[in-house]
Amino acid sequence: MSYFSSDFKLGILGGGQLGKMMLTETRKFDIQTYVLDPSNEAPCQFGATRFFQGDLTDYEQVMALGKQVDVLTIEIENVNLEALETLEKEGLKVFPSPKTLRLIQNKGNQKDFYLKNQLPTAPFTRFSTLEKLKQAVESSKITLPFVWKVAQGGYDGNGVKVIRSFSDLESLAEAECIAEQMIPFKNELAVIVARSAAGEIKTYPVVEMEFHPEANQVEYVICPARISQEVSDKARAVALEVSKAFNHVGLLAVEMFQTHDDAILINEVAPRPHNSGHYSIEASYTSQFEQHIRAILGLPLGNTDSKVAGIMVNLVGEDGYSGAVVYENIEKIMAIDGVTPHIYGKKETRPFRKMGHVTIVNENMDKARKIAQEVKETIKVISK
């Protein structure tokens, strides 16, 4: 099949920033794209060949998009799986497959999958309701502290909270959830695995993630991770085992913990381009977004090596600001060598909302990290 400057159409479920960055690659290759998103202000509305406003969880609307395209992919997991299953049965190529998405979409099912496949992960207990979790804590069946995770629909730090006292449970959503044992760890790591429809597989270098303590969001992604070669090899090997078990096509971001005795435990996965791979746009030979397109179309995978050390700084809305967005001091960071801002196109900011990111590249990792700190302290996402 000819993908380039042809009648071929790629469908994308979700029109957020990940889709927007994917469209940079499809436009580079002159591939037609049809995008569905619920917001009429979605970042993808300008870059797609055709943009449709609609509900990603609605069977009919997902079916309608699928009927118009030749390959269908996602930039968000919370989509109607029944529609994807129907489309796949009718012969449409859907990547990742609805079978893979069904395993990943629910964090409880995801954790059970790791146990079934003997993949290392932190001990956990599933609860059908918050009330049952509260009962387990009251009866000391679950001991404090632990990590609460909503089973379905969490994103950007929402749906994850460290529970240190019973009162911390009061503000949580009444929903299916898991209680995960808190594991002391040295580092939070991630590896992106690319697996093509033709069967080719490659891993990106291990990255290190530094999190915002209040928002539970990644503040910095550092590539390469500041770890030993032995730990790096172990992390990549675990990521490959996870990829093999899920049998996905496209990208799989595997988030992991490095424990104090250098064991690797799987935290969770995302079957799409991921925040931990944004550095690759400037720092890698092949960005994660181009790689995803290559993978789902069965094209040769690109080189995953880094050309230079890269650090990604997330741009999120400042606490206390809501409304029309202003990127204060953006011109100051643009004056620094090796600094590239990416603005996602969201017109309204609110506290801790992801509004963009900044990539810092430098031949010297220590210098890159210092510049990243300067960027973080200089640019502010506020409102008018």
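This passage describes the overall fold of the protein chain and then three of its residues. The model is predicted.

The protein chain holds 11 helices and 21 strands. Its C-alpha atoms occupy a box of roughly 65 × 50 × 45 Å along the principal axes. The radius of gyration is 20 Å. A compact globule of 384 residues would have a value near 21 Å, so the chain agrees with that expectation.

Burial and contacts were examined next. Of the 384 residues, 56% are buried. Among contacts with a separation of 6 or more, 62% join residues that lie 24 or more positions apart. The exposed surface of the protein chain comes to about 16,500 Å². Carbon and sulfur atoms contribute 47% of that surface. Charged side chains number 42 positive and 50 negative. The centres of these two sets are 2 Å apart.

Thr304 sits in a loop. The loop runs between α9 (288–296) and β16 (309–316). Thr304 has a relative accessibility of 6%. The cut-off for burial is under 20%, and Thr304 therefore counts as buried. Its side chain reaches the backbone oxygen of Thr203 at 2.9 Å. Thr203 also appears among the contacts of Thr304 beyond four places in sequence. The others in that set are Lys202, Tyr204, Pro205, Ser284 and Gln291.

Glu290 belongs to helix α9. With 9% relative accessibility, Glu290 is likewise classed as buried, because the limit is under 20%. The side chain of Glu290 forms a polar contact with the side chain of Arg294, at 2.8 Å. Outside the residues up to four places away in sequence, Glu290 touches Glu25, Lys28 and Phe29.

Ser140 is also a loop residue, placed between α6 (130–138) and β7 (146–150). Is Ser140 buried or exposed? Its relative accessibility is 54%. Exposed means over 50%, so Ser140 counts as exposed. Ser140 and Phe185 are 45 residues apart along the chain. Their C-alpha atoms are separated by 25 Å.

Taken together, the three residues cover two settings. Thr304 is buried in its loop, and Glu290 is buried in helix α9. Ser140, by contrast, is an exposed loop residue.

Note on methods: Residues are numbered from 1 along each chain as its sequence is written. This is a predicted model: local features need pLDDT of at least 70, side-chain atom pairs count only at pLDDT 80 or more; totals for chains, interfaces and linings use all residues. Side-chain values use heavy atoms; hydrogens and water are left out. Helices (H or I, at least four residues) and strands (E, at least two) are DSSP runs, numbered from the N terminus. The radius of gyration is taken over C-alpha atoms; the globule rule is 2.2 Å times the number of residues to the power 0.38. Buried means under 20% relative accessible area, exposed over 50%, partly exposed in between (1.4 Å probe, protein chains only). Contact means heavy atoms within 4.5 Å. Accessible areas come from the Shrake-Rupley method with a 1.4 Å probe; for residues, only the protein chains shown count as cover. Lys and Arg count as positive and Asp and Glu as negative; His and the chain ends are not counted. The place of a charge is taken as NZ of Lys, CZ of Arg, CG of Asp or CD of Glu. A polar contact is a pair of N or O atoms within 3.5 Å; within protein, one must be able to donate a hydrogen and the other to accept it, and residues adjacent in sequence count only if both atoms are side-chain atoms.
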